[in-house]
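Reader: I would like to go through the terms used for this model one by one, asking for each what justifies it. Please set the computed value beside the cut-off wherever a conclusion depends on one.

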Amino acid sequence: MKAIGSAENASFKRWMRLAEMPREVREQRRTLAEGIHLAEAIHAAGHPIEALVVRRGTDRADVQQWIETLVAAGAPRYELAPNLFDRLSPVERGSGMLLVIPLREAQRPASGDALFLDRIQDPGNAGALLRIAAAAGVRSVLAAPGTVGLWTPKVMRGAQGAHFRLHLEEDIDAAQARRTFPMHWIGAAAHSGTPLWTAELTMARLGLMIGAEGAGLSQAAMAACDAQVTIPLATGVESLNVGAAAAICLFERRRQADALRGGRVSSA
């Protein structure tokens, strides 16, 4: 174990850049994963761990168990002074354990549904969307330029391990997504689309494009869609949270496909 008590430590400074600057995640090809759920997902996936970073004085039994498990698996352990760890952690009063991991290099799947994120900028929403996609059996999540980095620590925290069940691609525009992932693409529109309950969603592969709350889908994304669907809302309600909208659309797709095929939509 290596103890770090100075903010001038080279490793700590490198990790702080990951915590504070999204572009560093892409440049370093590394990210920070906080907490037990992510540790479990990373360990189960057999994903490499470059550093196990622990807050000095952490004494939770479940955390200690995971520290022992990860050290036994070969993860180098670092202990940070509490004030340094708290600067590094993406959440207040977290588990007291962070993992530094390289970004996952996933093979592009030959089949399965896809979700396209069109300029989703809130990390919490992006993390929730990844988690929803994995739960709905989606295999690929694509992010347009202007979307928050999918591997940033706060998105990692929100997705709770979904990164290791999905194929992720960033900086891919809507037209490119359509060319690269040939399937029937629908866009979620607040108004004027086909009512979701009457839309045909039973094709072999389906892609859903969803835009940022408020702004909605860009013109480029709408042009890349074969059709648009709208979730019928009660009178006077303008819109839904983007995560709620995506969940309703993706699980309606799954419901229709299950009813038609008598089985489940393929999952990642």
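Reader: Which backbone oxygen does the side chain of R254 reach, and at what distance?

Author: The model is a predicted one, and in it the side chain of R254 reaches the backbone oxygen of A135 at 3.2 Å. A polar contact is a pair of N or O atoms within 3.5 Å, and the 3.2 Å between the side chain of R254 and the backbone oxygen of A135 fits that limit. R254 itself has its place in helix α10, and its C-alpha atom is separated by 8.0 Å from that of G137, although the two positions lie 117 residues apart along the chain.

Reader: Why is R254 called buried?

Author: The relative accessible area of R254 is 13%, and buried means under 20%, so R254 is counted as buried.

Reader: What makes Q256 buried, and which residues is Q256 in contact with when its neighbours within four places in sequence are left aside?

Author: Q256 is found in helix α10, which covers residues 242-261, and its relative accessible area is 10%, so by the limit of 20% it is buried. Leaving aside the neighbours within four places in sequence, Q256 is in contact with L196, A199, E200, L201 and T202. For L201 there is a further detail, since the side chain of Q256 reaches the backbone nitrogen of L201 at 2.9 Å.

Reader: How do you know that E252 and R255 meet in a salt bridge, and where do they lie?

Author: The side chains of E252 and R255 meet at 2.8 Å, N to O, and a salt bridge requires a distance within 4 Å, so the pair qualifies. Both residues lie in helix α10, three residues apart, which is about one turn of the helix. E252 is buried, with a relative accessible area of 8%, whereas R255, at 48%, counts as partly exposed.

Reader: How many salt bridges are counted by this rule?

Author: The count comes to 16 salt bridges. Among the residues concerned, R26, E170 and D171 are linked in a network of salt bridges.

Reader: What makes the pair of R29 and E105 a link between distant parts of the chain?

Author: The side chains of R29 and E105 meet in a salt bridge at 2.5 Å, N to O. R29 lies in the loop between α2 and β2, E105 lies in the loop between β5 and β6, and the two are 76 residues apart. R29 is partly exposed, with a relative accessible area of 38%, while E105, at 61%, lies over the limit of 50% and therefore counts as exposed.

Reader: Why can the pair of E50 and R30 be said to tie together parts of the chain?

Author: E50 lies in the loop between α3 and β3 and R30 in strand β2, so the pair ties together parts that are 20 residues apart in sequence. Their side chains meet in a salt bridge at 2.6 Å, N to O. Both fall in the partly exposed class, E50 at 31% relative accessibility and R30 at 30%.

Reader: How many aromatic pairs are counted, and why is the pair of W15 and Y78 called edge-to-face?

Author: The count comes to two aromatic pairs. The rings of W15 and Y78 have their centres 5.3 Å apart and their planes at 85°; centres must lie within 6.5 Å for a pair, and planes over 60 degrees apart count as edge-to-face, so this pair is given that name. W15 lies in helix α1 and Y78 in strand β4, so the pair ties together parts that are 63 residues apart in sequence. W15 is buried at 3% relative accessible area, and Y78, at 18%, counts as buried because it is under 20%.

Reader: What are the distance and the angle for W151 and F164?

Author: W151 and F164 form an aromatic pair with 6.1 Å from centre to centre and 75° between the planes, and this pair is edge-to-face. W151 lies in the loop between β7 and α7 and F164 in the loop between α7 and β8, so the pair ties together parts that are 13 residues apart in sequence. W151 is buried, and F164 is buried as well.

Reader: Which residues form the nonpolar patch on the surface, and why is L233 called partly exposed?

Author: L233, V237 and L240 form the patch, with about 200 Å² of accessible area together. L233, which lies in the loop between β12 and α10, has a relative accessible area of 32%, and since this is between 20% and 50%, L233 is called partly exposed.

Terms used: Residues numbered from 1 in each chain as written. Predicted model: local features only at pLDDT ≥ 70, side-chain atom pairs only at ≥ 80, totals over all residues. Heavy atoms only, no water. Helix = DSSP H or I, 4+ residues; strand = E, 2+ residues; numbered from the N terminus. Buried < 20%, exposed > 50% of the residue type's maximum accessible area, 1.4 Å probe, protein only. Polar contact = N/O pair within 3.5 Å; in protein donor to acceptor, adjacent residues only side chain to side chain. Contact = heavy atoms within 4.5 Å. Patch = residues over 30% accessible without salt bridge, like charges linked within 9 Å, V, L, I, M, F, W, Y side chains within 5 Å. Areas by Shrake-Rupley, 256 points an atom, 1.4 Å probe, with all protein chains shown as cover. Phe/Tyr/Trp six-rings, centres within 6.5 Å; stacked < 30°, edge-to-face > 60°.
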